[in-house]
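The following exercises are intended for work with the sequence and the 3D structure side by side. Please attempt each task before reading its solution.

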Amino acid sequence: MGLTLHHFLILSAILFSIGLVGALTRRHIIIMLICLEIMLNAANLNLIAFWHFSSNPLLMHGPLFTLFAIAIAATEAALGLALVLAIFRHYKTIDLESIRDLKE
Amino acid sequence: MSPVQTMPPRSYHIGKDDLGADILEVAMGPHHPSTHGVFRMDLKLDGETVVDLKPVFGYLHRNHEKIAEDITYPMSMPFTDRLDYLCGMTNNWAYALSAEKLIEIKVPERAEYIRVIVAELTRLVNHCLLIGFFVNDLGALGTPLLYALREREKILDLFEVLSGARMMVNYIRFGGVRCDPPDGWLKECQRIVDAFPAFLDEYETLLTENEIIIARAQNVGVVTREEAINFSLTGPMLRASGVNYDIRKVDRYGIYDRFDFKVPIGGHGDCYDRFMVRMLEMRQSVKILKQAIRDLPEGEIMGKAPKIFRPAPGEAYGRIEAPKGELGFYLISDGTPIPYRFKVRPPSFVNLTALRHMCLGHKVADAVIILGSIDIVLGEVDR
Amino acid sequence: MSLIGKGILKGMGVTAKNFFQSYYRKERLPTVEYPEEKATINQFSRNFPFLLYDGDDPVDGMRCTACTLCERACPPQCIYIIKDKDENGKAILSPRIFDIDTSVCMSCQLCVEVCPYEAIRMDSAFELSNENRFEGLLLNREELLKPNAYYHEIHPLEARETDDRMAAKAALAEAKKKARQKRARLAAKNKPPPGLKKTPPTRKKPPQREKSE
Amino acid sequence: MIVAFYLLALIAVLGAGLAITLRNVVHAVFSVLLFFSALAGLFLLLLAEFIAAVQVLVYIGSVGILMLFAIMLTTNVVGDPNRPVQSRGWVWGGLAVVALLAGVLLPIISRTGGQSPTPLSDFNPSVKQLGLVLMDPYFASLGVIALLLTAGLIGAVVAATGASEADQAKTVPENRPRFPNN
Amino acid sequence: MNNYFDLKLVELGRWIEAFFAHYPTLKLVVHLLLCTLPLALSFMGAFAFTTWLERKGLARIQNRPGPNRVGLFGLLQPIADGIKMLLKEDIVPERSDKLFHFLAPIMLMIPAMIGVGFLPLGDGLHALPLDSAIIFFFAISSLNTIAVFMAGWSSRNKYSLLGGMRAVAQMISYEIPLVLSAVAVIMMAGSLNAQEVVASQQISSWVGSGNILQEFFGRILGWNVFKPWGFAGFIFFFIAALAEANRSPFDLPEADSEIIAGHLTEYSGFKYAILFMGEYISAFAIAGIGVTLFLGGWNGPVFAGLPWFVLKLFSLFAVMIWIRGTLPRLRVDQLMGYAWKFLFPLAILNIFLAGFYHFLERQWGTAIAMLAGWLFGFGALQLAAIALSRLNQSPTIRSKRVYQLVE
């Protein structure tokens, strides 16, 4: 019973949900960004799994889009952390609970 | 001359910086690998930049001046070797000079020439050692230092043959020198002095144009002319800041007026200038040595010194151009053979006072180099 | 327009030169492998003092007359002399105890300069370490005494000078004694003059640090 | 092959789980790095070598370290023990996600049915094909991604330092005398 | 005679595996062991030898004989050091992060060992023959940044934190020029596979032909170093490799004259030895990749294959030792400025140069391309270097200082 697509889909679903739980429940901004990364990676895993079991893998669609996804995720992480720095410098705390008010 | 942009430090306040990261207090402790001997710097660092610096020394204080008030004048001559243990001869000469001011003793010609030869040899030893330690602080893992030590060994062997010991020479007496150089000594000294410029060229190709040293040492630890004079710096540090003040030219003590030599003057007063000024001074010392050995007269080496050295009451201040700066001895005698007051004016102690001013605003790595460029020897700083 | 890394390359050239020359040029590899090969000690180097004696019997051939000049001239005060007395209390001109604490001595050679009788000289042996910290480095008279032959062996030039000086002094003393005897004989022939008592010039003794017994 | 898959899956789930629950943020980041490397292993399992290499290079090499830098620049790394790790309504969040997982994802997965599980070992996709595909039909998107990356880079720099310049409105006392260049 | 040595080794491998022919799983395990075990052991042996080589080399540069007490010419000195390290007490600071303090040395060894696997040691000798080996190598080598951070962070002391942060910043900023200078080679070789890169570095027309002379030079003149963009790329690659492996002019993290031993301060005993070994083997790995990309991997005139690779590797390492004996250290901000404002733009320019060379070669053949490359290409790089150093006031451009000698 070789590896089938189901294995990978279930795994990426579980990982996605773990990421989502983390994002929703943790109060530390950086941990939230980390969970975001976990969710994105779960999606990548899905993409590659579908490409691997697709009918004509030589078209290279899977790796192509994963490459783009990784590039975007990296930029997003960089920007996210820059914003975290700005928030920390302004509010002197990075606890999500206390950062509520939009204006000063 | 490209404008020297001294890097203005971000902020001088002590305490939290804008990112809220607190100030790091680091004690570059007594036995830190790069402090020359037992010397501590209490640094306050903001990230990498030095915000405050407090030099702490006294670890090597041996109570030299108080002991000197218990023993007779000639008995404290061997103690002067222990002041700046790298150049024993110049310490002896400074003490002898001030003692000879207390009692007028005619120093014979041959002794004067030997004193000049021996002092210039110590200047060579001190300067090439300093450059070795300075580049070692820059990180060059000891290669230039070991070349310097190799040259120093030759000169120390000369001292050993002449005075019996390599560093604790105790060679110069009031009114002359202790013993005559044995016959082979002058030929050997001539050979070493002739071979020295070759070593200096090799040292210069290794160090002066090295881009990394230029990048690390230029515009670091800048001391302007006025600041140098206000801090009463002396010696190569003063001349690197552009002040033309060399005691050999100013006082014309001994027979320095007979030799023609130049005094190198730096333009920027930063670490690189101090390093270059010492390099050029070594070449001038070789020039003096050549002239001194050439016309060394015959004759006896000891003036008519009284058996018991009992000067009339009074005071005297003798100073010479030691390799590190102006080394002075201030003696007050009250008619007995024992000095009433024996005060040493060490050059590296006075130069050290400028350390804090030079290091503020620079990085930790620069603070280490600035300390290296001041050329302190703790025996002299703590006395 | 200089190549960017020219200074660094020239520096590397110097180290390369040193690397290769250290294989064939002696001057580039001056290290001495200490325990196997020893560097020659030059005859002028000095380390710790030792006492000289002529002839073969150390005690009575000793030149030192316990005049304690060197004890007073020693800056760290590390020499300790007690004069010798024979059985009926008359002082003999030689030290019963002559100790040098080599852990205190800083080998400054002042004692050699001061000594009028050429009795103390500087040795150049430097392997002196021993396991006993206190008594080990305190050398008493027996350990300090060394024959004149040993002195000739370690400092040949200096030893010869000292011997010539001693010989000249002895000859001078001989001539003076002969002259005195001649004068005495002459005076004994024509009525002996009253003996004048010559008092040695009194010297104000420099303040003596009290020796801790 | 199955054993490798289950092992890597376990490590991945462990890494992600730990990342959420650990109190010390630095430990959380290290566990996420473990998660990323497990994922790289899975990509290798799926014969997407280049993507595994990029994953290691981008995620573990730079994003991980970016996180560590961000933590270094902001304080309270260990997180004060008295505050609860999760925000207040964490129970409801967890329940919502589980409901989403069971209700929506799993049924869809079960309906897709297995594609033809092509035997794993017959083809080995080389980077050259990816390069060719990247060049001819998708060249425009490559350009767009490049622009996006540069914009992101500049944006991050402005965001991070911009804020600090504003704080430094107060002038820096010019106390070191400018060296008169003689 | 060529790659005779490698074929023999591969045959030996096949012969051993033949014993387990009828247990497929065992055969797989043995195959894996044969790929990795000799590699690991040989590189640990190489590590021991290089510590001796380094101490002897540095000593001879400094006019002293170097270790010669333990064994003949001091050859047993590394073993003596190893035993000493084993016996030394392993002190773990009390408030440190025990788990990560323990993990850091392991985390440093992993990328070093995997990185070494990607090197094409000989014709058939390639531990991890991945299609995208070079990119994987750079990915893995970025792992030891994390290990250095872990070491610096977990020992919870001022100096190691300072050292750790310096090391991380330095490694990140030198990874870019490292990868970019490799990109030029990959672009010209046309593939990421290490074996193909090596194969592309021999003049195939000459190697096939009969006469001895062309055979001899064919395998040398093909190396990338003799091409204009290859030589410039090799210089940038080597400088970045020095920084990546924390070697001499950039050994900021363990700058003993400033912060005691950087992230290694709190390590003692065998953990320190492992960290030390990890550093050396990652330096080996990066030097190996440098040899593969620029110095023609295992190509060599008479006995191509493993001997040539080892010879080039150790000669590159000898140059590292030589540099360590001469050059002083750069300051942190200069080091960063040098990477971002000097090496990075030049590496990009080098890629354009390679493209220009490729186009010329297509049009008018290699001779003209070589000529044009060396004249214009190198001139352009030199001009760019001068412009850049003038831009950020680097030391080389500052006017030479003149010192008056006054009376």
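Five exercises on this predicted model follow, each with a worked solution.

**Exercise 1. A sheet in chain C**

Task: Determine the strand order of the open sheet of three strands in chain C, and state which strands lie at its edges.

Solution:
- Step 1. The order of the strands is S4-S1-S6 in chain C, and the pairing is mixed.
- Step 2. Strand S4 (120-122) and strand S6 (145-147) of chain C are the edge strands, since each pairs on one side only.
- Step 3. On average, neighbouring strands of this sheet are turned by 50 degrees against each other, with direction ignored.
- Step 4. For the pair formed by strand S1 (residues 49-53) of chain C and S6(C), the sense is parallel and there are three bridges.
- Step 5. A residue pair to locate here is C:Leu51 with its bridge partner in S6(C), C:Leu145.

**Exercise 2. Two helices of 21 residues**

Task: Compare the reach of helix H5 (residues 143-163) of chain B with its expected value, do likewise for helix H13 (residues 306-326) of chain E, and then describe the surroundings of H13(E).

Solution:
- Step 1. H5(B) has 21 residues and reaches 30 Å from its first C-alpha to its last, close to the 30 Å expected at 1.5 Å a residue.
- Step 2. After H5(B) comes B:Gly164, which has a positive phi near 100 degrees.
- Step 3. H13(E) also has 21 residues; its reach is 31 Å, close to the expected 30 Å.
- Step 4. The buried residues of H13(E) include E:Trp308, E:Phe309, E:Leu313, E:Leu316 and E:Phe317, and among them are also E:Lys312 and E:Arg324.
- Step 5. These buried residues pack against H5 of chain B and helix H1 (6-24) of chain C. Within chain E, their partners are helix H1 (4-18), helix H2 (24-61), helix H11 (228-244) and helix H12 (269-294).

**Exercise 3. Chain D against chain A**

Task: Give the residue counts of this interface and the composition of the chain D side.

Solution:
- Step 1. On chain D, 70 residues are in contact with 67 residues of chain A.
- Step 2. Elements giving two or more residues to the chain D side include helix H1 (2-21), helix H3 (49-73) and helix H6 (139-167) of chain D.
- Step 3. By class, the side of chain D that touches chain A has 51 nonpolar residues, 18 polar ones and one charged.

**Exercise 4. Chain E against chain B**

Task: Describe the side of chain E that touches chain B, and identify the strand pairing between the two chains.

Solution:
- Step 1. Here 31 residues of chain E are in contact with 37 residues of chain B.
- Step 2. At least two residues each come from H13, helix H14 (332-391) and strand S1 (404-406) of chain E.
- Step 3. The chain E side divides into 11 nonpolar, 10 polar and 10 charged residues.
- Step 4. Strand S6 (residues 263-265) of chain B pairs with S1(E) in the antiparallel sense, over three bridges.
- Step 5. B:Val263 has E:Val406 as its bridge partner in S1(E).

**Exercise 5. Two asparagines with positive phi**

Task: Is B:Asn63 buried or exposed? Is B:Asn219 buried or exposed?

Solution:
- Step 1. B:Asn63, a residue other than glycine, has a positive phi near 65 degrees. Its place is in the loop between strand S3 (49-56) and helix H1 (64-68) of chain B.
- Step 2. B:Asn63 counts as exposed because it has 9 C-beta neighbours inside 10 Å, and 12 or fewer is the cut-off.
- Step 3. B:Asn219 is not a glycine either, yet its phi is positive, about 60 degrees. The loop between helix H7 (211-217) and helix H8 (225-230) of chain B holds B:Asn219.
- Step 4. B:Asn219 counts as buried because it has 21 C-beta neighbours inside 10 Å, where 20 or more are required.

Methods:
Residues numbered from 1 in each chain as written. Chains lettered and ligands numbered in written order. Predicted model: local features only at pLDDT ≥ 70, side-chain atom pairs only at ≥ 80, totals over all residues. Pairing = 2+ DSSP bridges. Helix = DSSP H or I, 4+ residues; strand = E, 2+ residues; numbered from the N terminus. Axes fitted to C-alpha atoms, helices over the stretch in contact; angles between N-to-C directions. Expected span 1.5 Å × (residues − 1). Contact = placed C-beta atoms within 7 Å. Nonpolar A, V, L, I, M, F, W, Y, C, P; charged D, E, K, R; others polar.
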